[in-house]
Amino acid sequence: MAVEELTAAEILSQLEQGYLVVDDRGVVIDLSARASALLGITGRRPAGKQVGQLIHLEESEPSLFEGEESHLYRCLREGVEWSSPLSGMAVRGAAETFFLNVQFRRLASGEALVLIADATPVREILDAHDALVSVTSHELKTPLTAIKATAELLISYDVSKTEREEMMGDIYRQAERLEVLIREILDASQIDSGRMPLEAAPVDLKDTVAEVLDELQTQTADASLLVKIPAGLPKVWADSPKLRQILVNLITNAIKYSPQRPSVVLSAAVHDHKVRVEIKDRGIGIKAEDQTRLFKKFQRISDPSTRRTSGTGLGLYIVRGLVELHGGTIDVHSIYGKGSTFAFTLPVAPQRERVLA
């Protein structure tokens, strides 16, 4: 078998890849089970098909498989090895599109080995990097421009005491906006790397909610907020600052995306040995197609009303990471045009800890 010409080390290094063996005409004469799975091939092995008929590439340069100057035929004819540069080539398998890495190697028998691997995780990392650069450059530029312009006015012109105080207030608010942006980027990075610390202890949810609402007095001044936390609700096992961060994000989102006078209900109850917290609003709601990607990085719902508000698209990604760090889950139920309910769970504090607390 031609594949046996590879060394044991090479075979081991390719275990995550699938392979196809093609003859000097580009016809597939063998393929591995991994290759079949990647390409969505089921049933009998294809016989006599060109490799380009099995690997259906989108966004691919046309010279990959076909023609005398294609990469495949140059490999067969001249022994020129080639690997795709991960430039967004997509292959459609069983009802899905994913990114594929392709390599060509000529075997001593004159046949070619086509190595394929799912490159979707790598592509997602590259896309996330591009999104990070795009989002941060835009979100950083806005407050920095405002700070610079206001500072120039203060330096260049004599202004009244009242005007000076207003301008200094603007600078302070824009600096706070920068601080939030930097904190979100750092939090997302720690969640990604698994380095987010957790200092859990018994926490009284009702007290924490009261503290958060007190902190958000300015944002909630025009909102109707109803808190429904039953007496005797057990304490949760949580990192108090991170629980506050979760609540602040979900409550401010509920208010921010309610076009008229916001109406928000926060409730909690014990369910399956965990405390389930729900935050319900009567805002713009979320379309079904947006709900599936809501907790991913740099995602914002595609609604005209959301474009008027700034944001990195990291907030709910961080919230999900913090909830899961506690061993909880988060979900959303929403009807577009009518409102949304975000719900998350946290462990009940251990009984022994509650007695000692």
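# Reading salt bridges in a predicted model

Visitor: Where should I begin, and what is a salt bridge?

Guide: Welcome! This is a predicted model, where local features need pLDDT of at least 70 and side-chain atom pairs count only at pLDDT 80 or more, while totals for chains, interfaces and linings use all residues. Residues are numbered from 1 along each chain as its sequence is written, and side-chain values use heavy atoms, leaving out hydrogens and water. A salt bridge is a side-chain nitrogen of Lys or Arg within 4 Å of a carboxyl oxygen of Asp or Glu. A good example is R244 with E215, whose closest N and O atoms are 2.8 Å apart.

Visitor: Which helices do R244 and E215 lie in?

Guide: Helices (H or I, at least four residues) and strands (E, at least two) are DSSP runs, numbered from the N terminus. R244 lies in helix α9 (residues 240-256) and E215 in helix α7 (residues 205-215), so this pair ties together parts 29 residues apart in sequence.

Visitor: Is R244 buried, exposed or partly exposed, and how do I tell?

Guide: Buried means under 20% relative accessible area, exposed over 50%, and partly exposed in between (1.4 Å probe, protein chains only). R244, at 24%, is partly exposed, and E215, at 44%, is partly exposed too.

Visitor: What about R276 and D331?

Guide: Their side chains meet in a salt bridge at 3.4 Å, N to O. R276 sits in strand β12 (residues 274-281) and D331 in strand β13 (residues 330-335), so the pair links parts 55 residues apart in sequence.

Visitor: How many salt bridges does the structure hold?

Guide: It holds twelve.
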